[in-house]
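Got the viewer open? Let's take a walk through this one, picking a selection at each stop.

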Amino acid sequence: MKYLILMLLSLGLIVGCESGDTMTKEDVKKLELLREVKPSMGDDKEYNLYAFFEFYDGSLDSEEISEGARQRDKYDELQETLEMDNVNQLTLKTNSLNSEEIEILGIKELPTFLVLDESGIVLQSTDLDEVVTLINGDK
């Protein structure tokens with residue numbers, strides 16, 4: 001009788017540990033990436049900004065060259081308008097069209113901006129004005 005009870009308890013534990021709430025490899029990769037790029041609890045400033053661009057350096061395709069120029073303009077605008085008072089770290093990822101980060105984060109359009117605080121992603125947007133408004137505040 002003892003063995004039957006122990007066997008049933010063991011079976012219950014095994015079944016309970018194999019529930020459908022397990023994380024996929026993609027979920028684990030995303031969490032690992034976010035841990036790397038978000039601010040730490042001890043950081044002085046509130047945000048980290050991760051910006052993805054595709055400049056199409058070396059391309060001969062006229063559409064890609066035009067798109068690269070448009071994205072360079074966005075990059076220049078970011079540099080001009082962003083106040084770094086609330087930003088610990090600005091990471092620029094250029095030529096990121098086929099990068100692992102793009103795939104992990106499910107980014108479909110470039111440029112894309114990720115604003116992170118210590119809890120994770122605060123804003124993911126292709127709209128630079130949204131990013132600047134959030135980071136610069138009501139200034």
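**Stop one: an aspartate in a strand**

Start by selecting Asp117, which lies in strand S3. Keep in mind as you click around that this is a predicted model.

Show the side chain of Asp117 and look for company of opposite charge. Which side chain of opposite charge is nearest to Asp117? That's Lys38, and it sits 7.3 Å away. A salt bridge here would need a side-chain nitrogen within 4 Å of a carboxyl oxygen, so Asp117 has none, even though it is buried.

Now add Ser119 to the selection. The side chains of Asp117 and Ser119 make a polar contact at 2.6 Å. To see who else is around, bring up Lys38, Pro39, Glu46, Tyr47 and Val122: Asp117 touches each of these, leaving aside residues up to four places away in sequence.

**Stop two: over the hairpin**

From S3, step along to S4. A hairpin of two residues makes the link between S3 and S4. The two strands run antiparallel and share five bridges. For one pair to highlight, try Leu116, whose bridge partner in S4 is Ile121.

**Stop three: the whole sheet**

Switch to cartoon and select the four strands together. In what order do the strands line up? Reading across, it goes S2-S1-S3-S4, in an open sheet with mixed pairing. Strand S2 (87-93) and strand S4 (120-125) are the edges; each has a single partner strand, so one side of each has no neighbour in the sheet. Turn the view to look across the strands, and you'll be looking at a twist that averages 15° from one strand to the next.

For the parallel part, pick strand S1 (residues 47-52) and S2, which pair over six bridges. Asn48 is a handy marker, with Gln89 as its bridge partner in S2.

**Stop four: a helix on the sheet**

Next, select helix H3 (residues 62-81). H3 packs on the sheet, with contacts to S1, S2 and strand S3 (112-117). Compare directions while you're there: H3 makes an angle of about 170° with S2.

**Last stop: zoom out**

Show everything and colour by secondary structure. There are five helices and four strands in the protein, and along the sequence they follow the pattern α-α-β-α-β-α-β-β-α. If you colour by burial instead, 30% of the 139 residues count as buried. And a contact map would be worth a look: among contacts between residues at least 6 apart in sequence, 66% join residues at least 24 apart.

Note on methods. Residues numbered from 1 in each chain as written. Predicted model: local features only at pLDDT ≥ 70, side-chain atom pairs only at ≥ 80, totals over all residues. Heavy atoms only, no water. Pairing = 2+ DSSP bridges. Axes fitted to C-alpha atoms, helices over the stretch in contact; angles between N-to-C directions. Contact = heavy atoms within 4.5 Å. Buried < 20%, exposed > 50% of the residue type's maximum accessible area, 1.4 Å probe, protein only. Lys, Arg positive; Asp, Glu negative; His and termini not counted. Polar contact = N/O pair within 3.5 Å; in protein donor to acceptor, adjacent residues only side chain to side chain.
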